[in-house]
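Trainee: Hi! I have a new structure open and could use some company while I look around. Can we go through it together?
Mentor: Happy to. Let's put it on the screen.
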Amino acid sequence: MRSRRVAILAWLVLAFVVFNVRFDWMSRTAGLAFVRAQIAHQRHGEPVPTIEQGFRPLIRQAAADSAVWLVGIAVTGTALTLAVSRRSA
């Protein structure tokens with residue numbers, strides 16, 4: 001029983017770490033893309049996009065993409081752990 005809890009906790013920690021690493025990477029990429037877009041707009045004499053227009057949608061998408069990994073790892077790991085623990089019991 002205790003080892004099952006430890007295994008599930010390990011899967012949840014892994015899911016959280018993957019979420020954070022992926023979200024951080026995608027946030028960095030989104031920031032660079034936003035800055036590049038602002039520079040390109042400025043060079044062409046166009047109005048630059050605001051943070052609300054250009055950056056928030058990228059961050060929202062980064063959070064959604066990262067959450068898919070979080071849920072996928074947590075659900076799969078928990079299900080596999082429970083299946084194996086029931087089979088061995």
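Trainee: I clicked on Ala30. Where is its place in the structure?
Mentor: Ala30 sits in helix H1. Keep in mind that this is a predicted model.
Trainee: Okay, and is Ala30 buried or exposed?
Mentor: Ala30 is buried, because its relative accessible area is 6% and buried means under 20%.
Trainee: Which residues is Ala30 in contact with, leaving aside its neighbours within four places in sequence?
Mentor: Phe55, Leu58 and Ile59 are in contact with Ala30. For another marker, take Gln53: the C-alpha atoms of Ala30 and Gln53 are 13 Å apart in space, with their positions 23 residues apart in sequence.
Trainee: Let me zoom out. How many helices and strands does the protein have?
Mentor: The secondary structure comes to 2 helices and 0 strands. The radius of gyration is 20 Å, well over the 12 Å that the globule rule gives for 89 residues, so the protein is more spread out than a compact globule.
Trainee: What does the C-alpha trace span along its principal axes?
Mentor: About 70 × 15 × 15 Å.
Trainee: And how much of the protein counts as buried?
Mentor: Of the 89 residues, 20% count as buried. The protein exposes about 6700 Å², and carbon and sulfur atoms supply 67% of that area.
Trainee: What about contacts between residues at least 6 apart in sequence: what share join residues at least 24 apart?
Mentor: That share is 79%. We can look at some pairs that are far apart along the chain. Met1 and Ser85 are 84 residues apart along the chain, and their C-alpha atoms are separated by 8.4 Å.
Trainee: Where does Met1 lie?
Mentor: Met1 is in the segment before H1. Met1 counts as exposed, because its relative accessibility is 61% and exposed means over 50%.
Trainee: Do you have another pair like that?
Mentor: Try Arg5 and Thr81, which are 76 residues apart along the chain, with C-alpha atoms separated by 9.1 Å. Arg5 has its place in helix H1, while Thr81 lies in helix H2.
Trainee: Which of those two is buried and which is exposed?
Mentor: Arg5 is exposed, with a relative accessible area of 58%. Thr81 counts as buried at 11% relative accessibility.
Trainee: What does Thr81 touch, not counting residues up to four places away in sequence?
Mentor: Thr81 touches Arg4, Ala7, Ile8 and Trp11. With Trp11 there is also a polar contact of 3.2 Å between the side chains.
Trainee: Nice. I also marked Ala10 and Gly72. How far are their C-alpha atoms separated?
Mentor: Those C-alpha atoms are separated by 14 Å, and the two residues are 62 apart along the chain. Ala10 lies in helix H1, which covers residues 2-43. Its relative accessible area is 45%, so Ala10 is partly exposed.
Trainee: Changing topic: how many salt bridges does the structure hold?
Mentor: The structure holds 1 salt bridge. Arg56 forms it with Glu52, and their closest N and O atoms are 3.0 Å apart.
Trainee: Why would two side chains like that pair up?
Mentor: Side chains of opposite charge can pair when their charged atoms come close.
Trainee: And where do Arg56 and Glu52 both lie?
Mentor: Both are in helix H2, residues 51-88, and they are 4 residues apart, about one turn of the helix.
Trainee: How exposed are they?
Mentor: Arg56 is partly exposed, with a relative accessible area of 44%. Glu52 is partly exposed too, at 49%.
Trainee: Last thing: which residues form a nonpolar patch on the surface?
Mentor: Leu9, Val13, Phe16, Val17 and Val21 form a nonpolar patch there, and together they have about 470 Å² of accessible area. To find the patch on your screen, you could look for Phe16, which is found in helix H1.
Trainee: Got it, thanks! I'll go back to Ala30 and look again at Phe55, Leu58 and Ile59 in contact with it.

Methods:
Residues numbered from 1 in each chain as written. Predicted model: local features only at pLDDT ≥ 70, side-chain atom pairs only at ≥ 80, totals over all residues. Heavy atoms only, no water. Salt bridge = Lys/Arg side-chain N within 4 Å of Asp/Glu carboxyl O. Buried < 20%, exposed > 50% of the residue type's maximum accessible area, 1.4 Å probe, protein only. Patch = residues over 30% accessible without salt bridge, like charges linked within 9 Å, V, L, I, M, F, W, Y side chains within 5 Å. Areas by Shrake-Rupley, 256 points an atom, 1.4 Å probe, with all protein chains shown as cover. Polar contact = N/O pair within 3.5 Å; in protein donor to acceptor, adjacent residues only side chain to side chain. Contact = heavy atoms within 4.5 Å. Rg over C-alpha atoms; globule rule 2.2 N^0.38 Å.
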